[in-house]
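Here is a short briefing to read beside the model. It goes through contacts first, then strands, then backbone details.

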Amino acid sequence: MISSARPSLETAWKPGASWEVLRLRAELLARIRAFFAARFVLEVETPVLSRAGITDPQLLSLSTRLQLPGAAASQVLYLQTSPEFAMKRLLASGSGPIYQIARVFRDGESGRLHNPEFTLIEWYQPDHDHHALMDEAESLVADLIDLGPCQRMSYAEAFLTHAGFDPHREEPCKLALHAERLGLHLGGNGMHDPNIYLDLILSHAVAPRIKEGEPCFIYDYPISQAALARIRDDDPPVAERFELFVDGIELASGYHELADPIEQRRRFQADLERRRRLGAPEIPMDERLLDALARGLPACAGCALGFDRLVMLAAGVRDIQDVLAFPVIVA
Amino acid sequence: MTTYNTNQFKTGLKVMLDGSPCAIVENEFVKPGKGQAFNRVKIRNLKTGRVIERTFKSGDTLEGADVVDREMQYLYSDGEYWHFMDAASFEQLSASETTMADARQWLKGQESCVVTLWNGEPLSVAPPNFVILEITETDPGIRGDTATGGTKPATLETGAVVKVPLFVEVHELIKIDTRTGAYVARAKE
């Protein structure tokens, strides 16, 4: 069975995780705070609720309504899917290195590795690029769990090694054939966006094969998956992003952060255009982030680490429900 | 017919895939942090019993399959078909050798089975989890040998051949787990 047995009505009041695991959670949080304190990274807190949301069509925000006293009508506020935009506003106002232990929310995400409400450890280091931040992420994780030395592979190397083709140069129409060759049969009808095949092959073929080896950072993604990362004008150009895979689990994700407000606005608009095509909900782009970028975001790299997954690795459990006091089904 | 989207996928759901009725055996939500969400599904073809793996993009749909399980009593076989009766309505239906598959080697009559119907036609038959059958042929027993853990083949009254402990004798009744085909214990009747 994939997921744990559902609790019966009589026991649903009890925690999903054991006390041993809940104590481990607390200990890991304390060690994370000690790690950043020793490096003079400032702990910050930013709001969970925001007027703007994430435009990325693959991330769905939960929302709520706020009625302010004296206001004619209530307004929609979005629950953060990550604290990134608010933390960049702090960086632009001169914070220096900062980190946050943030509760984040993603609609529609639930499974062995997903709970719709979860904890991210997110931090930003001025004057770091994504390689320097990979070094720091590796030190942090090695401080918390028994982690062997991490491999580093570019996205292209990872695909060439584990999937047998060059993801940057392959013709889009061949991606479906590569997926089939790797035993990945995509159900449903019609043609799919090339990125869907790249995501399919990365998550179903490349990541599981990395599992057999050491933990691994994959970096320099296709520019079609740049998200909020800088694009480096190589041949081919790549997005300066990384992801850390441990035991086949995507544990952390980082960017050499995009700081150009014009490029950022263009990406927001492209996201909103894709949302319209997909029939995904419209969401207001974060103008305050764009204002902050216009004032100047220091060159920096940022990383978000899934704390619940880290606890899973530390505790040696297979289901995220086993590390949460109250997983969503009994929340 | 109902259609189900990936959000409604769960273990046991009966759906049509490539023109065959199937049951979802395992459903895992897989999503890269920044990327497309998928449902990785293990799915059993209810005609062939084969389990295959398919991945669906979130939001994809499958048509539901009109598959129901019905508890029915096994009556007899005419050699070509195996006949079953609904003990409440007395309605009868018959299943072919292909439909019966392994189930037939455990049935002698009167057993309560689960007959799976697709659009009203038998698709598969599940015998009771445990059956008690007589041994019709086996090597002579080694009296008192309950310790060595050795086994020997034994033919049962239905024709099935199972492995039994050395001390078991011909004409004895034994209890079999039909899911594994394993000997469980000697039985009184």
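A:Glu109 forms a salt bridge with B:Lys31, with 3.5 Å between the closest N and O atoms. The model is predicted. Two salt bridges are found across the interface of chain B and chain A.

**Interface of chain B and chain A**

- The area buried between chain B and chain A is about 2,200 Å². Carbon and sulfur atoms give 56% of that area.
- On the side of chain B, B:Phe29, B:Lys31 and B:Lys34 lose the most area to chain A. Together they make up 31% of what that side buries.
- B:Lys31 thus appears twice: in the salt bridge with A:Glu109, and among the residues of chain B that lose the most area.
- The contact draws 21 residues from chain B and 26 residues from chain A.
- Six residue pairs are in polar contact between chain B and chain A, counting pairs with both residues at pLDDT 80 or more.
- Three strands of chain B give two or more residues each to the side that touches chain A: E3 (20–30), E4 (38–45) and E5 (51–57).

**Domains 1 and 2 of chain B**

- The domain assignment divides chain B into domain 1 (3–63), domain 2 (67–126) and domain 3 (130–186).
- The C-alpha centres of domain 1 and domain 2 of chain B are 28 Å apart.
- Six residues from domain 1 of chain B and four residues from domain 2 of chain B make the contact.
- These two domains of chain B bury about 470 Å² between them, 77% of it on carbon and sulfur atoms.
- In domain 1 of chain B, the residues that lose the most area to domain 2 are B:Lys14, B:Pro21 and B:Leu46. Together they account for 71% of what that side buries.
- What polar links does the rule find here? Zero salt bridges cross the interface of domain 1 and domain 2 of chain B. The count of residue pairs in polar contact between these domains is also zero, with both residues at pLDDT 80 or more.

**Hairpin of E8(B) and E9(B)**

- Strand E8 (residues 81–85) of chain B runs antiparallel to E9(B), and five bridges join them.
- B:Phe84 has B:Leu93 in E9(B) as its bridge partner.
- Six residues lie between the two strands of the hairpin, where B:Phe90 takes a positive phi near 65 degrees.
- Side chains alternate along strand E9 (residues 92–96) of chain B. B:Leu93 and B:Ala95 point to one face and are buried. B:Gln92, B:Ser94 and B:Ser96 point to the other face and are not buried.

**Open sheet in chain A**

- Three strands of chain A form an open sheet in the order E2-E4-E3, with antiparallel pairing.
- Strand E2 (49–50) and strand E3 (63–66) of chain A stand at the edges, each with a single partner strand, so one side of each has no neighbour in the sheet.
- Four bridges pair E3(A) with strand E4 (residues 75–79) of chain A in the antiparallel sense. In this pair, A:Ser63 stands opposite A:Tyr78 in E4(A).

**Backbone details**

- A:Asp220 is not a glycine, yet has a positive phi of about 65 degrees. A:Asp220 lies in strand E8 (residues 216–222) of chain A. Is A:Asp220 buried or exposed? A:Asp220 is buried, because its relative accessible area is 7%.
- B:His171 also has a positive phi, near 75 degrees, in a residue other than glycine. B:His171 sits in the loop between strand E14 (161–165) and strand E15 (173–177) of chain B. At 56% relative accessibility, B:His171 counts as exposed.
- The peptide bond from A:Asp235 to A:Pro236 is cis, with omega near -5 degrees. A:Pro236 lies in the loop between strand E9 (231–232) and strand E10 (238–246) of chain A.

How values were computed:
Residues are numbered from 1 along each chain as its sequence is written. Chains are lettered from A and ligands numbered from 1 in the order in which they are written. This is a predicted model: local features need pLDDT of at least 70, side-chain atom pairs count only at pLDDT 80 or more; totals for chains, interfaces and linings use all residues. Side-chain values use heavy atoms; hydrogens and water are left out. Buried means under 20% relative accessible area, exposed over 50%, partly exposed in between (1.4 Å probe, protein chains only). Two strands pair if DSSP finds at least two bridges between them. Domain bounds come from an automatic or database domain assignment. Contact means heavy atoms within 4.5 Å. Buried area is the accessible area (1.4 Å probe) that two parts lose on being put together, summed over both. A salt bridge is a side-chain nitrogen of Lys or Arg within 4 Å of a carboxyl oxygen of Asp or Glu. A polar contact is a pair of N or O atoms within 3.5 Å; within protein, one must be able to donate a hydrogen and the other to accept it, and residues adjacent in sequence count only if both atoms are side-chain atoms.
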